[in-house]
Each structure stands twice: as C-alpha cells, then as structure tokens.
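Dear colleague,

I am handing over the structure below, and after it I set out what was found when the coordinates were analysed. Please read the notes with the model open beside them.

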Amino acid sequence: VVVATPSRAMDYYLSTTGVDDPVGGTRVGTAWRTFDFALPRLAPGDVLNVAPGIWSWNDGGVIGVDCKTVSPGLPVSGTAGSPITVRASSERQARIVTNGQYPAALIEGCNYWTLEGLTLEGNDLESVQTATLEVVDSSHVQLRRLLVWKNNRFSVQAMARINKSSNVHVEDSEFYDFLKSGLSVWESTNTTISRCYANGRGREP
C-alpha cells in the first residue's frame, strides 16, 4: 500500500535584488524578484517573505491573485489548515505602489489567503475606477497590520474594498489619504474590522 504524504509547506523570499529563478526563492540569498513570478508558485501553507523595498506595477509587479481559473501556472487557494501568506519581513517596509490602473493588492476568487505587514500605495489615473486594496468573491482572507494610503482621486470608490466575500478579517491596519472613504464592505458576510484607523487627512480632488 502506497500512502501519499502531503508536500511540506515552504518559506519563500522576495527581494528587489533577487532573481526569478525557478530553483531559487527558498533562501534570502536566492530570493525571487517579482510578485508576478512568485505568486503562482505558492501552494497551501506556503509563506512569501517580502524584503524591504519598492515594487511597482511595471517593476516587479503588484499583488494580483486570481484563483477563479484552476490551471497549472496560476495562483491557487489555500486551505483551512494551510493558508497562503504574503508578509513583510520588516513591518511596512515592503512597499507596493500601483499606477492607478490596478490595485496595489487584489485577491479575487480565492480562499484562505493572508496579507500581513505590507504598505500598499495607490495613484491617480483619470477615467479608471480602481481601489488600492480589493478583495472580491473570496473567503477566509486575513488582512493584518497593513498600511494603505493614497486612493485614485478620479475614482468614486473606496480606497480599500471588500466585495461579495465572506469571512474576511481586517485587523490592526491603517488607511490614509483617501478622497471618498477609506474602507468599504459590500454584499459580504461574516466580515470583521478590528483595531483599525482611518484618516483621509484632507486629500483633495
């Protein structure tokens, strides 16, 4: 009788000085370079440790996780006992900056994902309705100790949005420099916001 054993969860590393090598990523010295390369390689239980630095939509990619299509080479959901985690190795020193066309972090159609300790920064882009942080059609998502700031001032939407999702927990996070609202929850269930702070700080249109 052959008994299959589950693969061991892995710690991976991301750095602005890294290299996107398929056999790398498992040590600080062999860190990967881009979110576009790293995110589809994460399996349930894996942790992606993001070093201090700045990532942008055209230089390392933003955090875009879409689990709706199940296919090799695309991001997958975690599980109840083995969530997938993307976390800053130094709190809020990993800065993800969008151009305003895409969210700095998007989790769509995914279960059991965690974002922790990251800084997410938006930008202005006319005629585009984007958020800086967005969770859509997902469940069991944990958003911990995030710094989210600067929404797209051309957008009428909230800077951070939780839409059509369930069991989302936002805790110990801060939201700054937004025009309309800092965080919205829409058509979602069992969503909790704990120990968070929001201040638009007079951001003008």
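**Overall picture**

Of the 205 residues in the protein, 48% are buried. Please keep in mind throughout that this is a predicted model. The average pLDDT of the protein is 92, and 95% of the residues reach a score of at least 70. One stretch to treat with caution is residues 2–6, where pLDDT stays under 50 and where the model has 0 contacts beyond four places in sequence.

As for overall dimensions, the C-alpha trace spans about 65 × 40 × 30 Å along its principal axes. The radius of gyration is 17 Å, which agrees with the value near 17 Å that a compact globule of 205 residues would have. The accessible surface comes to about 9700 Å², and carbon and sulfur atoms account for 51% of that surface. When contacts between residues at least 6 apart in sequence are considered, 71% of them join residues at least 24 apart.

**The seven-stranded sheet**

The secondary structure of the protein consists of 1 helix and 18 strands. Of these strands, 7 form an open sheet with parallel pairing, in the order β1-β2-β5-β8-β11-β14-β17. At its edges lie β1 (11–14) and β17, each of which pairs on one side only. From one strand to the next, the twist of this sheet averages 10 degrees. As general background, the strands of a sheet pair through backbone hydrogen bonds, in either a parallel or an antiparallel manner.

Within this sheet I looked at β5, which covers residues 84–88, in some detail. Strand β2 (residues 47–50) is joined to β5 by 4 bridges, and the two run parallel; in this pairing L48 stands opposite V86 of β5. Strand β8 (residues 111–116) is likewise joined to β5 by 4 bridges and runs parallel with it, and here E116 in β8 is the bridge partner of R87.

How many of the 5 residues of β5 are buried? The count is 4, so β5 is largely enclosed by the rest of the structure. T85, which has its place in β5, counts as buried because its relative accessibility is 12%, and the cut-off for that class is under 20%. Leaving aside residues up to four places away in sequence, T85 touches D46, V47, L48 and T114. Among these contacts of T85 is L48, the residue that stands opposite V86 in the pairing with β5.

**The five-stranded sheet**

A further open sheet is formed by 5 strands in the order β4-β7-β10-β13-β16, and its pairing is parallel. Its edge strands are β4 (63–66) and β16 (183–186), each pairing on one side only. Neighbouring strands of this sheet are turned against each other by 5 degrees on average, with direction ignored. At the β4 edge, 4 bridges join β4 to strand β7 (residues 105–108), and the two run parallel. In that pairing D66 stands opposite E108 in β7.

**Two residues with positive phi**

Most residues other than glycine have a negative phi, and you may therefore wish to look at two residues that depart from this pattern. Which value does phi take at D137? The phi of D137 is near 50 degrees, a positive value in a residue other than glycine. D137 lies in the loop between β10 (133–136) and β11 (139–144), so that the strand before the loop belongs to the sheet of 5 strands and the strand after the loop to the sheet of 7 strands. With a relative accessible area of 41%, D137 is partly exposed.

N190 also has a phi near 50 degrees, again positive and again in a residue other than glycine. N190 is found in the loop between β16 and β17 (192–194). Is N190 buried or exposed? Its relative accessible area is 57%, and N190 is therefore exposed, the cut-off for that class being over 50%.

With kind regards

How values were computed:
Residues are numbered from 1 along each chain as its sequence is written. This is a predicted model: local features need pLDDT of at least 70, side-chain atom pairs count only at pLDDT 80 or more; totals for chains, interfaces and linings use all residues. Side-chain values use heavy atoms; hydrogens and water are left out. Two strands pair if DSSP finds at least two bridges between them. Axes are lines fitted to C-alpha atoms, for helices over the stretch in contact, and angles run from 0 to 180 degrees between N-to-C directions. Buried means under 20% relative accessible area, exposed over 50%, partly exposed in between (1.4 Å probe, protein chains only). Contact means heavy atoms within 4.5 Å. pLDDT is the predictor's confidence in each residue, from 0 to 100. The radius of gyration is taken over C-alpha atoms; the globule rule is 2.2 Å times the number of residues to the power 0.38. Accessible areas come from the Shrake-Rupley method with a 1.4 Å probe; for residues, only the protein chains shown count as cover.
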